[in-house]
Amino acid sequence: MTDVAVTRVSTTVPSRSLFGWRRNPWRKPRVLQAITWGYLFWSTVPVIIAIIFSFNAGRSRSTWQGFSLRWWYQDPFDSLLHDPELSRAMLQTFKLSFLTVLIAVPIGTLFAIGIDRWHGRPARSANFVMLLSFVVPEIILGVSLFYVFISVLKGAIDLGTNAQIIGLVTFQISYPVIIVRARLLTIGAEYEEAALDLGATPNQAIRRVLLPLLGPAILASIALVFADSVDDFVTLRYLSGPASSEPLSVKIYSAARGSPSPAVNAAATVMLVSTLLVVGIGLLLYRRFAREQGEAADAASLAQL
Amino acid sequence: VASAELTEPKRRRRRKAAPTEESGVWYPRWYWPSFAAPGTIWLAIWFVLPFYVVLSLAFGTVDQAFRNPLPVYNPFWWQFDTFANTVQKFYSGAHIFLSPLIRTFTYVFSASLICLVVGYAVAYYTARYAGKQRGLILLLLVTPFWISYLMRIYAWQSLLQPDGYVNDIIGVFGVNPVEWLAGRPITVVLGLVYGYIPFMILPLFGSLDRINQNLLEAGRDLGASPAQTFLRVTLPLSRQAILAGIVIVTLPMFGDYYTNNLLSESPRTSMFGNLIDNSVGQAGQGPLAASLVLLLMVIVIVPMLYYLRETRRAAEAA
């Protein structure tokens, strides 16, 4: 009895807390805890404040002047909904992201399947280039493509929507490849072999066995590519042609360097909500899919893919 | 049952290596390459060729009338004067290029160091002590990935305004307002940390989370102090993730110009990315911009190749 009491006292005496960890490694590490929650606060709160300021009644984005929906739709000229530039940019953002998903995900998925089975030197080189496109700083790709479109392809493909889609697809194509390949590794080859043994042709085995099994990975790729395309601005900024082809992200960047009104906060909030929505839906469907196939999945696994 | 489970992965690996032979289905030689073809062709045209165009521009000329860049595609006709001039600007004259270069390395180094120290603490806590809050913490760690980088920096830009909340808070403690956005290196470095630290935390968390708890207990049972256990067990086991994390955060930092432009917009803090961004699209500056892109490529190629090699090794080990 006394023994227990003594040890308990010795670990909770505040003056010894600095060395307490040495005595009792299972004690809660307060310093680490403080750093972690401090970091999470630092990481999250600025964004929340920026969202709140989209409802500011005044023009300032740093001093709160009361609540209003002025910058969302009430103001007939400067609100997100009525400013022709911002609303056009919003449409452009969604158009670009949608088309990028439509091109990048199928090409990337096929590439992943092909590269997984096709062995040899050309396959390794193709895979190497793919991974290179994944890690290269975006400014390098953006500037290179910018000069391709203004000098080599001048007149054929000019800066604007087409150029932007090409740039986005090039930068995003590696995501579906990496995600689908990771999934291919966990699936293994048994299901496909079984289908082949049961008389399916290779095409049938892929269409009716492999692709459904890859469902969660394809879904995750769609969510990821869409969210990332909405947020992209380095590539899109270099490949924007006339002002009408500038997406929301580029508008926000230009506005942030001038004198932004809370309508910019509203625009950024739209971007945030749409990416979180797409990723959230993707995550839910992913979990559902994965659970049907008897596997666990959580937020971390989707992010780490 | 246990032995079946133990042998299962091995069988799976062997099968996967030769699925076609076992199932006796004959695939034409072009079958799998044709799957990879669209992606390969796309990357060849829009990723590999543009690099060649950058080379041709850097070693090409400018047309005299409109000052548009004229790429020279034939390597035999390449001229290296602009490139040499660009390189020369880094070590001679008024240091207009040297200072941004040195600054880039200083900022990137300090920012990734802070990312590592803070990120390690957060990842360590989350992996080992988070307990019931683990799900919530992980969710909060992942959300920055889905929030536009631009918006996150924009949010800070608003907070750091002269009349912003940061000055309000330090005012409570009697500190005079600070002009945070007037070309302060500390603002830029912390902005970089803020922007890229999520990319550091996740690989660290993944690695620390995989460390077998028994190893730590074994270290303790064998008489190691917590500090020794950390230094001689945990740290070596997370070495790979540390290096990967550093590479992941430094690569985009080297090409970053927007953090700087949004949080300082002063030549006193301009970085390598700003040099590129300032010259892109300017009349007559095509070869200069292309040369700078080439130089940036030279700077990042080693960490890039290192990262690719490590990921391939990890994939092979898995």
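**View 1. Chain B and its 15 helices and two strands.** This is a predicted model, and helices clearly outnumber strands in chain B: 15 against two. Follow the C-alpha trace along its principal axes and you get spans of about 80 × 75 × 35 Å. The radius of gyration is 25 Å, while a compact globule of 318 residues would come in near 20 Å. Take the contacts in chain B with a separation of 6 or more, and 66% of them link residues 24 or more positions apart.

**View 2. Inside and outside of chain B.** Of the 318 residues here, 50% are buried. As for the outside, the accessible surface adds up to about 15800 Å², and carbon and sulfur atoms supply 65% of that.

**View 3. The largest nonpolar core, with Leu192(B) in the frame.** This core takes in 182 residues. Its best-connected members, going by contacts inside the core, are Ile139(A), Leu192(B), Phe272(B) and Ile276(B). Zoom in on Leu192(B) and, leaving aside residues up to four places away in sequence, you'll find it touching Tyr107(B), Ala111(B), Tyr149(B), Met253(B), Asp256(B), Thr259(B) and Met271(B).

**View 4. A nonpolar patch on the surface of chain A.** Four residues, Ile48(A), Ile52(A), Trp64(A) and Phe67(A), put together a patch of about 410 Å². Look for Phe67(A) in the loop between α3 (30-53) and α4 (70-74) of chain A. Phe67(A) counts as exposed because its relative accessibility is 60%, and the cut-off for exposed is over 50%.

How values were computed:
Residues numbered from 1 in each chain as written. Chains lettered and ligands numbered in written order. Predicted model: local features only at pLDDT ≥ 70, side-chain atom pairs only at ≥ 80, totals over all residues. Heavy atoms only, no water. Patch = residues over 30% accessible without salt bridge, like charges linked within 9 Å, V, L, I, M, F, W, Y side chains within 5 Å. Areas by Shrake-Rupley, 256 points an atom, 1.4 Å probe, with all protein chains shown as cover. Salt bridge = Lys/Arg side-chain N within 4 Å of Asp/Glu carboxyl O. Helix = DSSP H or I, 4+ residues; strand = E, 2+ residues; numbered from the N terminus. Buried < 20%, exposed > 50% of the residue type's maximum accessible area, 1.4 Å probe, protein only. Core = buried A, V, L, I, M, F, W, Y, C linked by side-chain atoms within 4.5 Å. Contact = heavy atoms within 4.5 Å. Rg over C-alpha atoms; globule rule 2.2 N^0.38 Å.
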